[in-house]
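Colleague: I have just opened this one. Walk me through the helix packing, then the sheet.

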Amino acid sequence: MRAASVSDYRELARRRLPNIFFEYIDGGSYAEVTLRRNVEDLEAIALRQRVMRDMTKINMSVETLGQTLQMPVGLAPVGMAGMYGRRGETQAIRAASAAGVPFCLSTVGVCSIEEVAATGTPPWFQLYMLKDRGYMRELLARAKAAGCPVLVFTVDLPLPGSRYRDIRSGFTGGSRLQQAMTQLWDGVTHPAWTWDVGINGRPHTLGSVAGAVKESRRVTDFLAWISRNFDRSVTWKELDWVRESWDGPIVVKGVLDPEDAKAAAKAGAQGLVVSNHGGRQLDGVRSSISALPRIADAVGNDLEVYMDGGVRSGLDVLKALALGAKACFVGRAWAWALGAGGESAVAKMLDVLRAELAVAMILTGCADVREAGKTLLDEA
Ligand SMILES: Cc1cc2nc3c(=O)[nH]c(=O)nc-3n(C[C@H](O)[C@H](O)[C@H](O)COP(=O)(O)O)c2cc1C
């Protein structure tokens, strides 16, 4: 099958990836209500078709936090991408930088900050608040030394939400023997992945945090270490602490409430991502797109407002811009593409988003993404 859309990359990833990784990417927490809402609420928004306007020239680029984005899209932090494609984070950042969009490296990436920066483009760096503040300080210093332009500070994971699919697939839970058997069987039944990633994509550690995890070198053990190290005691004051070690822009990721958005602005963040972690944390909360307008109204002039969650097409991107986002991030879209076909598939997926965004702009009469507003929507 040749992929024409983001959902086609999902299907190709389903065929190519071991089941544990496909389910890990695809799933959400609990009954996946929020995961579905993210997608369905975007689908339900009607764009307003306008015709007979000269749309020969359109502008998709935006300036944000000192960077020019060639289109208002970025690759959201996704953990363990190096398990979906060989040294996956380096493949994805190459595709992103060729398209002129940012790639945000997860704290729990397989490739380290340094390995990703060695591609020639330092990534945006995503950080979780860890109990081990010494290690955090070290990570911030490494991100700074590598030239990372933006710090994305994820605040919606004081503990991981339970993802039933990971238990059912055998990725988490169960005995070590059961996990090993599942993983062995997954490897045998997905030979292309086994050769590309399982054998030639080593080491399978979480590069940036490997130094802190002494007890084991298995990816699932790293995740257990991370879970033990999430810090529930964090408050907005901690942003001052982060500031001591980071003098660049800070984007707070995982805000769903206007009051929290105001607090982020007050705490001195330069940006925020309206996000529910792709429906992977507190199931039952509202969709990101439905939270966006109130947050943009509350703080849109004080800091950059981005959104993620459920974005599956360029049409979705324009809907988010119309409701107040400066840019959107995609998580599963690029993880599926990477799993389906590596760097070239991520590049093609970004081409698909760009082409769809162009159609949406031209047929709504939006010549410049910087001017997108509610008039692009049919709210009747
Ligand atoms: C497989 C997977 C791993 C993720 N890992 C992280 C992570 O390490 N850090 C983080 O801040 N968000 C993480 N996220 C959340 C994404 O950054 C983003 O918020 C979410 O994927 C957006 O929803 P979408 O997948 O519908 O685009 C992850 C999401 C997925 C699907």
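**Helix packing and sheet**

Modeller: Helix 2 and helix 15 are roughly antiparallel to each other (angles over 145 degrees count as that, under 35 as roughly parallel, 65 to 115 as roughly perpendicular and the rest as oblique). This is a predicted model, where local features need pLDDT of at least 70 and side-chain atom pairs count only at 80 or more, while totals for chains, interfaces and linings use all residues. Residues are numbered from 1 along each chain as its sequence is written.

Colleague: At what angle do the axes of helix 2 and helix 15 cross?

Modeller: Roughly 160°, and the axes of helix 2 (residues 19-26) and helix 15 come within 10 Å. Axes are lines fitted to C-alpha atoms, for helices over the stretch in contact, with angles from 0 to 180 degrees between N-to-C directions. Helices (H or I, at least four residues) and strands (E, at least two) are DSSP runs, numbered from the N terminus.

Colleague: Which residues of helix 2 and helix 15 make the contact?

Modeller: Phe21, Ile25 and Asp26 on the helix 2 side, and Arg332, Ala335, Trp336 and Gly339 on helix 15. Contact here is C-beta atoms, placed from the backbone, within 7 Å. By class these residues are 4 nonpolar, 1 polar and 2 charged; Ala, Val, Leu, Ile, Met, Phe, Trp, Tyr, Cys and Pro count as nonpolar, Asp, Glu, Lys and Arg as charged, and the others, Gly among them, as polar.

Colleague: And helix 1 against helix 15, how do the axes cross?

Modeller: Helix 1 (residues 6-16) and helix 15 (residues 332-364) cross at roughly 155°, their axes coming within 9 Å. That makes helix 1 roughly antiparallel to helix 15. The contact of helix 1 with helix 15 has 11 nonpolar, 2 polar and 2 charged residues. On the helix 1 side they include Tyr9, Leu12 and Ala13, and on helix 15 Trp336, Ala340 and Met349 are among them.

Colleague: How far apart are the axes of helix 4 and helix 15?

Modeller: 8 Å, with helix 4 (residues 88-99) packing against helix 15 at about 25°. Helix 4 is therefore roughly parallel to helix 15. Nonpolar residues number 9 in that contact, with 3 polar and 2 charged. Among them are Gln91, Ala95 and Ala99 of helix 4, and Leu338, Glu343 and Leu350 of helix 15.

Colleague: Now the sheet. In what order do the strands run?

Modeller: The order is 3-10-9-8-7-6-5-4, an open sheet of 8 strands with parallel pairing. Pairing requires at least two DSSP bridges between two strands.

Colleague: Which strands stand at the edges?

Modeller: Strand 3 (73-75) and strand 4 (104-105); each has a single partner strand, so one side of each is left without a neighbour in the sheet. Strand 3 pairs with strand 10 (residues 327-330) over 3 bridges, and Leu75 has Val330 as its bridge partner there.

Colleague: Which helix lies across strand 7 and strand 8?

Modeller: Helix 12 (residues 258-266), at about 165° to strand 7 (250-255).

Colleague: Any backbone oddities to look at?

Modeller: Two. The peptide bond from Arg202 to Pro203 is cis, with omega near 5°, and Pro203 sits in the loop between helix 9 (191-199) and helix 10 (219-229). Met52 has a positive phi, near 60°, without being a glycine; Met52 is in the loop between helix 3 (33-44) and strand 1 (62-64).

Colleague: How many helices and strands are there in the protein chain?

Modeller: 15 helices and 10 strands. The C-alpha trace spans about 65 × 50 × 40 Å along its principal axes.

Technical notes
Contact = placed C-beta atoms within 7 Å.
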